[in-house]
Structures are given as C-alpha cells and as structure tokens.
Amino acid sequence: MEQDVNLNIPYSAPLYIWDKIGEVFASMPYWNGGEEGPRWTGPDIDLWASAESGGIQIAGTMPDEIWEKWYAALKEKLGNALDYEIGEPEDGAAFYQFIPKDIAQLYKALKKEQVKGELLLEDGWLIWRLPSGILLKIYVWNPMREGYIETYYLKKGGEVPLTHWHPAAEEVYPDLMDIDEGRTVWVKKSLFGEEILMMSRKEYEAVSDKKGRYRLLE
C-alpha cells in the first residue's frame with residue numbers, strides 16, 4: 001500500500017517540459033493538486049510528487065490493485081507527452097534529455113525560462129542578443145542530433161566574430177542555460193590590445209586580478 005518510486009525525469013528539465021508534465025499529472029485519476037504541489041487523494045489514497053536530484057519522486061499511499069494500473073497509465077501518458085520511454089533509473093531507465101525537434105521548440109523553451117536579453121527567430125536561426133553585448137546564432141539539426149552555435153561581440157554597430165562550437169543536440173539547451181545562469185561568461189581581456197574570451201565562471205575567477213586586465217562582460 002505504501003508506494004515510492006523515482007522516474008527518469010530530472011529536476012533540471014525545461015519549464016516548457018514541466019508544463020507538459022503538469023498536464024499529465026492533472027489528467028490522472030484522483031488528482032487533487034494544489035499550491036503545495038502535485039497530489040492525488042481518495043479513499044486510502046494520498047500520493048504526492050516532487051522534483052528531486054534523483055528524478056521525479058512519487059510517494060505516498062495507494063492500494064496495490066489501484067496503483068498497478070494507475071502507475072502504468074502515468075508512465076504511458078508521460079512517455080507520449082515527452083516522446084521518451086519513462087521508467088525508474090534504478091531499473092536502468094536513462095534520464096530524459098530535452099532534444100528540441102526544431103529551432104522553434106528551442107525558442108519556445110527559452111522564452112518560457114525568460115532568459116536574459118532578446119530572443120528572435122530569423123531564417124531558421126535562433127538569435128539571442130545578451131545584455132553584455134554578446135550575440136549568439138543557434139541552429140539545431142535534430143535528425144543529425146547536432147547543434148551549431150556561433151558567438152559575436154557587438155561593437156560600434158558591427159558583429160565581431162568570436163568562437164563557435166558544435167554541441168550534440170541534447171547539449172544545446174544545457175549549454176544555453178549555463179550562459180543564462182552565469183556559469184559560462186564572456187570576459188574582456190585588456191593586455192596587449194582587446195580580446196573577448198569565453199570561459200567558465202570558475203576559470204574567470206581563477207584569472208581575475210586587481211589590475212583590471214580581465215573584465216567580466218555583464
């Protein structure tokens with residue numbers, strides 16, 4: 001009667017995906033969700049769900065004969081909504097990774113996160129202009145499971161090319177969230193001329209000094 005499972009959906013999934021998960025939760029029998037989070041209640045039933053580092057946890061009480069069908073239906077609905085097989089990590093189920101089917105879906109996910117700066121769709125590309133004066137041009141080839149990200153520094157009305165990289169399609173969204181959340185930063189290096197460097201915040205903190213040779217673009 002006591003139930004406790006973890007599903008292979010990480011707490012770091014995009015808000016865009018959590019909306020879909022919420023719709024599935026609300027469609028399940030015994031739904032009684034409220035401000036305190038997802039919940040299902042009824043005679044001898046009191047289940048709740050939460051996002052944990054080990055995946056979505058669903059725990060509480062539900063008679064075994066009801067649970068068996070209810071849990072199977074939940075996994076099926078979540079799988080259909082996310083286009084991914086839902087299961088328990090301890091049984092070997094791989095964690096869900098957000099792989100946008102196209103650039104429009106990635107745009108929608110980032111808009112939902114309310115990332116810093118300005119987002120635009122232009123000729124099949126996602127254009128992201130950061131407050132720091134950095135411009136990103138992003139493309140996704142889902143069938144090839146590959147992304148492409150170019151970066152530029154906006155200076156005197158022009159675009160100065162910086163670095164570019166080819167992340168796997170499942171790495172595009174995490175890479176962009178690292179930028180939005182400040183784990184990846186751009187630094188202006190002034191020593192012999194001016195140079196714009198892309199680095200992790202930890203790298204920047206390691207090279208930062210009091211002489212002003214490295215300045216964080218914000």
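The following paragraphs describe a five-stranded sheet and the helices that pack on it. The structure is a predicted model, in which local features need pLDDT of at least 70 and side-chain atom pairs count only at pLDDT 80 or more, whereas totals for chains, interfaces and linings use all residues. Residues are numbered from 1 along each chain as its sequence is written, and side-chain values use heavy atoms, with hydrogens and water left out.

The sheet is open, its five strands following the order 5-6-7-8-9 with antiparallel pairing; strands (E, at least two residues) and helices (H or I, at least four) are DSSP runs numbered from the N terminus, and two strands pair if DSSP finds at least two bridges between them. Strand 5 (118-122) and strand 9 (158-165) each have a single partner strand, so one side of each of these edge strands is left without a neighbour in the sheet. On average, neighbouring strands are turned by 25° against each other, direction ignored, where axes are lines fitted to C-alpha atoms (for helices, over the stretch in contact) and angles run from 0 to 180 degrees between N-to-C directions.

Strand 5 is joined to strand 6 (residues 125-129) by five bridges, with Leu121 partnered by Leu126. Leu126 also stands opposite Ile138 in strand 7, and strands 6 and 7 pair over four bridges, forming a hairpin in whose turn Gly133 has a positive phi of about 95°. Eight bridges link strand 7 to strand 8.

Helix 3 (residues 103-113) lies across strands 5, 6 and 7, running at about 165° to strand 5, while helix 4 (residues 169-180) touches strands 6, 7, 8 and 9, contact meaning heavy atoms within 4.5 Å.
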